[in-house]
Amino acid sequence: MSHTDTLRRRETIGWIDALRVLAIVLVVISHCCDHFNALYGIDNTGFYLGATIGSLVRPCVPLFAMMTGVLLFPVRQDTTLTGFYRKRIGRLLWPLAFWSLVLPVANFIAYHYVWTTPANMSLVGPFDVNNLINHLYTWVFNFNYDTVPLWYLYMLIGIYLIIPIVSRWLETASDRDIRTVLWLWAASLLAPYIQHFAPALGYQGNYDNWGLWGVCSWNAFGSFHYMSGFMGYMILAHYLMRNPVRCSTSRLAAVTVPMFVIGFAATTAGFISMVPSGNWALIELFWSFCGINVFMMTLPVFLWVERSQVKVSPLVTRLAMMSFGVYLCHFSIVQWGYEVMYSTGLPAWIRLTLNALCTTVISFGIVALMMKSRFLRRFVM
């Protein structure tokens with residue numbers, strides 16, 4: 001049996017395959033919007049387009065986290081901790097190293113020789129030899145501009161470290177216990193906004209640190225640290241698989257449609273209101289994947305795709321298999337696509353649409369070619 005056949009047998013949940021393809025398309029669109037968000041005060045039409053569409057697709061990464069919860073919980077009891085780490089984390093290290101080296105080189109060539117004066121106002125340079133050399137070794141500490149999407153891999157490694165431990169608890173936890181944890185996690189989704197607005201109520205921080213509930217210069221781990229983050233999305237997805245939502249379609253719509261609309265409105269308005277600050281921490285506040293407003297958008301999408309019960313399709317399954325590779329390689333293609341589309345002079349919405357479409361097609365094409373090679377396959381799967 002071929003490697004592809006093995007993967008196809010493993011991915012037999014039709015709606016999960018469909019959700020994975022949807023999520024990766026949303027990721028591509030979100031990065032296509034970034035360039036337009038940099039046009040604040042320069043091209044307001046382009047800025048508001050990017051801000052609105054970028055807010056609309058914000059559930060993309062939380063959806064991936066929820067799918068991970070569906071597929072990995074519970075971890076098989078005969079799986080050892082070291083075995084799980086070797087399989088899951090080991091699978092991430094090759095792509096992390098490969099793309100951390102390839103993407104800076106690709107961007108160096110593109111912006112040092114092709115687009116020496118890029119139209120993309122969001123680009124972080126300079127794209128010179130010294131900057132390239134720096135990026136080729138500092139990736140062991142963190143991602144850089146060339147490798148922005150790889151933040152997810154660093155985060156996912158941390159998630160994998162704790163998954164077997166949480167899984168053992170989930171095997172014996174009652175539904176009530178899980179709901180208690182989920183309510184605590186839901187409270188943590190409010191923390192970023194409480195921290196932002198606390199100074200207006202007189203909070204003055206501690207020693208120039210504005211963290212809450214124990215966070216200070218010598219302690220980054222506050223009250224909600226261990227109850228926050230993407231693990232909550234994963235536990236929620238597992239809980240929803242244990243206790244499927246059985247209400248009628250009309251009742252589900254009555255709850256989830258207003259929830260999505262309110263979340264979308266808050267995300268869009270909040271993002272737009274923060275951009276004038278010029279502070280990245282504030283600009284990203286309402287776009288936080290672990291904020292209550294993005295959660296309000298993510299849950300309805302998950303529930304509706306799950307309810308669709310899409311049947312297994314060989315084409316969709318294959319596209320789902322390639323989604324990880326698309327995530328890894330698409331970011332630079334988005335950058336270059338913006339440069340190409342900018343030169344056309346077309347309206348902003350057409351340029352954004354064409355860039356998203358072309359980036360998606362080209363990225364899937366690159367991954368399809370890499371999957372044909374036994375050597376390159378490890379870097380996209």
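Here are three short exercises on this predicted model, each with a worked solution.

**Exercise 1: How far can you trust the model?**
Work out what the mean pLDDT of the protein chain is, and where pLDDT stays under 50.

*Solution.* Start with the whole chain: its mean pLDDT is 91, and 96% of the residues reach 70 or more. Next, look at residues 1-11, where pLDDT stays under 50. The model does have 14 contacts for that stretch beyond four places in sequence. But hold on before reading anything into them: where pLDDT is low, the predicted coordinates shouldn't be read in detail.

**Exercise 2: Explore the core.**
Find which helix gives the largest share of the largest nonpolar core, then list what Phe302 is in contact with.

*Solution.* The largest nonpolar core has 90 residues. Among those touching the most other members are Trp99, Phe230 and Phe302. Helix α2, covering residues 14-37, supplies the largest share of this core with twelve residues. Now zoom in on Phe302. Skip its neighbours within four places in sequence, and you're left with contacts to Trp15, Leu19, Leu63, Met66, Val70, Ala237, Leu240 and Met241.

**Exercise 3: Get to know Asp175.**
Decide whether Asp175 is buried, partly exposed or exposed, and find its partners.

*Solution.* First, place Asp175: you'll find it in helix α8, residues 175-188. Its relative accessible area is 24%. Buried means under 20% and exposed means over 50%, so Asp175 counts as partly exposed. Then check its partners: leaving out residues up to four places away in sequence, Asp175 touches Tyr239, Arg242 and Asn243. With Asn243 there's also a side-chain polar contact of 3.4 Å. Finally, try a distance: the C-alpha atoms of Asp175 and Ile24 are 31 Å apart, with the two positions 151 residues apart along the chain.

Definitions and conventions:
Residues are numbered from 1 along each chain as its sequence is written. This is a predicted model: local features need pLDDT of at least 70, side-chain atom pairs count only at pLDDT 80 or more; totals for chains, interfaces and linings use all residues. Side-chain values use heavy atoms; hydrogens and water are left out. A nonpolar core is a set of buried Ala, Val, Leu, Ile, Met, Phe, Trp, Tyr and Cys residues joined through side-chain atoms within 4.5 Å. Buried means under 20% relative accessible area, exposed over 50%, partly exposed in between (1.4 Å probe, protein chains only). Helices (H or I, at least four residues) and strands (E, at least two) are DSSP runs, numbered from the N terminus. Contact means heavy atoms within 4.5 Å. A polar contact is a pair of N or O atoms within 3.5 Å; within protein, one must be able to donate a hydrogen and the other to accept it, and residues adjacent in sequence count only if both atoms are side-chain atoms. pLDDT is the predictor's confidence in each residue, from 0 to 100.
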